[in-house]
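I opened the model to look up how the ligand is held. My notes follow in the order of the checks.

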Amino acid sequence: MNFKIEKRFTVVPAVLLILCVGMFFLSCKPKTAGVKPVNHLSVLVYITGVTAGSPTYELLAAGAENFAASHDNVTVKVYEAGFNQAEWEEQLTSLVAGGEYDLVLGSNPSLPEICVNVGNKFPDQKFIITDAEYSGNPQISTYLYNQYEQSLYLGYLAGLITTSGMKYANGGKRIGFIAAQEYPLLNHYIVPGFLDGARLVDPAITLDFRVIGNWSDANKAAELAAGMIDAGVCVFASIAGGAAQGMIRVAAERGAYVVFHNTNEYSLAPGIIVGCGQMEQKKLVEEILTDVLAEKVQYGSSHTVGVKDGYLNFIADDPGYTNYLPADIQEKFNAFMDDIRAGRVDYAASGGKIE
Ligand code: RBF
């Protein structure tokens, strides 16, 4: 009995003490307002252009937003920087100046250099950039897609088509590539991969390569595509963001084929877009953010991902592919994809290896 009374007398002051300490800390809250709750992650998705129409950006934003939707402790802000590349560094600087974001997430080969400059001003800011390569900076981690590989298999398909008896194949063995702008990853890997792939089918195939000059002018892309068809092109590829729509329109009007990088676009022009690659950017982004939350990211490092580890692929189970390509082409192409996945295609000899 006595024992019980004594215990009650010791418990009450202890509870009062805890309440007082709690109130003291609560009263301090305004002073600690800048401190983030433990295990909270605030991400700025920095879109170097405009999201709509650019597969790599759409997948980046979707991956981050999906992740935030399934994690209460993660917030994501998507910011579209627009097409004026000269403004990107200044925009990013002012966005991170307040220290609001734990992480800047972007996807563009030109972003690491910009992040180095911005990071110099804000040494606590972290950056993770996909579709880019940079190592040795303790604030930056990058993930490069081996786009030579994707271009190689799309080029192989273009080669099979241009040498085939398909309706719009003209016997000229000429394939086309329309780029929005030139940059090292494009010039050294994406375009050479496309031609190398086609030449694995027939070494006599030639490439018509033309540049729009921006990522938005679909009319200019249409004009270029029309000129290329006049010059004998019957299969196109492009890296042109939203401007690619102009090329697809002309291919449909004039009768030519398109193979498409990075996303499933078959339904845009059935029978015209007959092959689509897949970049698993959404999956990669969700994996990256999982690692960030677990504090497993090694800043300063760069990674390369590709077909063998499942980050680049080809969509072969869509009616846009199965219904429109002759069975013998599908058979040859599927066998080639199996060879690529199994590492049986040795393309390093053609100079396309990303070191
Ligand atoms: N790709 C797009 O799809 N849309 C764009 O607006 C876009 N802008 C780019 C700007 C620069 C300066 C560079 C270097 C690349 C850009 N890319 C864009 C290409 C993109 O990051 C990627 O390389 C390709 O999508 C192929 O993976």
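I started with the polar contacts. In this predicted model, Tyr-183 puts a polar side-chain atom 2.7 Å from an oxygen atom of the ligand. I then checked Gln-147: one of its polar side-chain atoms lies 2.6 Å from a ligand oxygen. For Tyr-57, I found a side-chain N or O atom 3.1 Å from a nitrogen atom of the ligand.

Next I looked up burial. The ligand exposes 540 Å² when taken alone. The protein buries 97% of that area.

Then I asked which pocket the ligand takes up. The space the ligand fills is the largest pocket.

I listed the shell. I got 20 residues around the ligand. Ser-54, Asp-131, Gln-147, Tyr-183 and Trp-215 are the closest. I sorted the shell by character: nine residues are nonpolar, 10 are polar and one is charged.

Last, I checked the domains. Domain 1 (41–145 + 282–305) and domain 2 (147–278 + 325–350) each give at least three residues to the shell.

Definitions and conventions
Residues are numbered from 1 along each chain as its sequence is written. This is a predicted model: local features need pLDDT of at least 70, side-chain atom pairs count only at pLDDT 80 or more; totals for chains, interfaces and linings use all residues. Side-chain values use heavy atoms; hydrogens and water are left out. A residue is near a molecule or strand if one of its heavy atoms lies within 4 Å of it. A polar contact is a pair of N or O atoms within 3.5 Å; within protein, one must be able to donate a hydrogen and the other to accept it, and residues adjacent in sequence count only if both atoms are side-chain atoms. Accessible areas come from the Shrake-Rupley method with a 1.4 Å probe; for residues, only the protein chains shown count as cover. On a 1 Å grid over the protein atoms alone, a cavity is a set of points where a 1.4 Å probe fits but cannot get out, and a pocket is an open set with protein on both sides within 12 Å along at least five of seven lines; lining residues have an atom within 4 Å of a point. A molecule sits in a cavity or pocket if more than half of its atoms lie within 2 Å of its grid points. Ala, Val, Leu, Ile, Met, Phe, Trp, Tyr, Cys and Pro count as nonpolar, Asp, Glu, Lys and Arg as charged, and the others, Gly among them, as polar. Domain bounds come from an automatic or database domain assignment.
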